[in-house]
Amino acid sequence: MNITLSEDQRDCLQELINVAMGQASDKLARYLETFVHLDVPYIELVGSDTLPLLFAQKYNGSSVSVVSQGFYGNDGIRGESLLVYRRDNAKEVASLLGYEPEEANENEQLADISSILTTTFLNGLAELISNQMSYSAPRLISSLNTSLDSHLEQLSFNWELALKVDISYQVTDYSFNCDMILLIPGEAIQNIQSVLDRILEEY
Amino acid sequence: MSIPVLICDDSALARKQVKKSLPQGWDIDVSMVTNGREAIDYLRANRVGIMFLDLTMPEIDGIGVLEINKAEKLVDFVVVVSADIQPDMKKKVESLGALAFINKPVSTDKLNNILKDYGLL
């Protein structure tokens, strides 16, 4: 399947993502009572088979935890959201959330933050394109065991193309950040393209 | 005489959204720039009555533009139109002299209300 985004479509999608990301950061900032620094998000279409390699390059040996969650909207818009945390951030995450070290395990903390970021972001995006999302249960996968590699392999097997959205949520005063990657299968990208064209026609 | 209006956003869609949300029949002359650096250059060379300014931009961001504008007093009325809607960001923008803050996406209603509030319409 050969899909490319036109310059207008890319600009439109980037702006929609910007707005949804702003909403997610605002929610996170209020939840953590801190300020979240926003960068311009970077989006690109990549073959999902390159995903394991991209992960290996970007996180270069550092151990990461990934929260993976499927989303399903109307009009054939669906995909999988991956939130990637570096595990050396674990202590910062805990103190951000006000947990005592022995309280609540790390998985619960990541689940809390992920649910805020993923659902706020995707609900915001859905609203902007007059859609509605439902979600599968999130799964936490750690690179400490081999399950991340096999998860990525499985994803790259199931999804032909990935719309990679690199969003970095950087929390001021803490060295905590996480990356969000959206994986969207080929036919769903085409559905998103029709939505983008519809929006572009309005302006 | 038409009011010179400047729209500054790195997104073409966002610029069009602002332009389309401006009140019908308002006697204005709209110019557009795509980042903070261009905005400053434009403001130094041209008189602008009201500027609509995005915050998250390459080159010089919206905060940078507000800081320079505060020092050089290039334009009186700045309305920030931003996706970064955190309370701390709104406070910062206000302290740098922005007149108002519009949460993206902009709409005719949001924009008209603000222009009316400040007697610009």
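Two strands are taken to pair here if DSSP finds at least two bridges between them. With that criterion in hand, the predicted model can be entered through strand β3 of chain A, which spans residues 64–72, and its partner β4 of chain A, which spans residues 78–86. The two run in the antiparallel sense and are joined over 9 bridges, with A:Gly70 standing opposite A:Glu80 of β4(A). Together β3(A) and β4(A) form a hairpin that leaves 5 residues between the strands, and within that turn A:Asp75 adopts a positive phi of about 55°.

The pairing of β3(A) does not end with the hairpin, since strand β6 of chain A, residues 139–142, also pairs with β3(A) in the antiparallel sense, over 4 bridges. In that pairing A:Ser68 of β3(A) has A:Arg139 as its bridge partner in β6(A). Strand β5 of chain A, made up of residues 134–135, is likewise antiparallel to β3(A) and is connected to β3(A) over 2 bridges, and here the bridge partner of A:Tyr72 is A:Ser134 in β5(A). As for its surroundings, β3(A) is mostly covered, with 8 of its 9 residues buried.

From the strands we turn to the enclosed spaces. Rolling a probe the size of a water molecule over the atoms shows where empty space is left. The structure holds 2 cavities of 30 Å³ or more, and the largest of them contains about 130 Å³ of space. Its lining comprises 15 residues, and those lying nearest the centre are A:Leu13, A:Ile77, A:Leu125, A:Ile129 and A:Ile192. Three helices of chain A, namely α1 (7–32), α4 (106–128) and α6 (186–202), each supply at least two residues of the lining of this largest cavity. What is the lining of the largest cavity by class, nonpolar, polar or charged? It has 15 nonpolar residues, with no polar and no charged residues.

The second largest cavity holds about 30 Å³ of space, and its lining consists of A:Leu5, A:Leu13, A:Leu163, A:Ile189, A:Ile192, A:Gln193 and A:Leu196. Helix α6(A) gives the most to this lining, contributing 4 residues. By class, the lining of the second largest cavity divides into 6 nonpolar residues and 1 polar residue, with no charged residue. A:Leu13 and A:Ile192 deserve a second look when the two cavities are viewed together, for they are among the residues nearest the centre of the largest cavity and also line the second largest cavity.

Note on methods: Residues are numbered from 1 along each chain as its sequence is written. Chains are lettered from A and ligands numbered from 1 in the order in which they are written. This is a predicted model: local features need pLDDT of at least 70, side-chain atom pairs count only at pLDDT 80 or more; totals for chains, interfaces and linings use all residues. Side-chain values use heavy atoms; hydrogens and water are left out. Buried means under 20% relative accessible area, exposed over 50%, partly exposed in between (1.4 Å probe, protein chains only). On a 1 Å grid over the protein atoms alone, a cavity is a set of points where a 1.4 Å probe fits but cannot get out, and a pocket is an open set with protein on both sides within 12 Å along at least five of seven lines; lining residues have an atom within 4 Å of a point. Grid points are joined across faces, edges and corners, and a volume is the space filled by probe spheres set on the points. Ala, Val, Leu, Ile, Met, Phe, Trp, Tyr, Cys and Pro count as nonpolar, Asp, Glu, Lys and Arg as charged, and the others, Gly among them, as polar.
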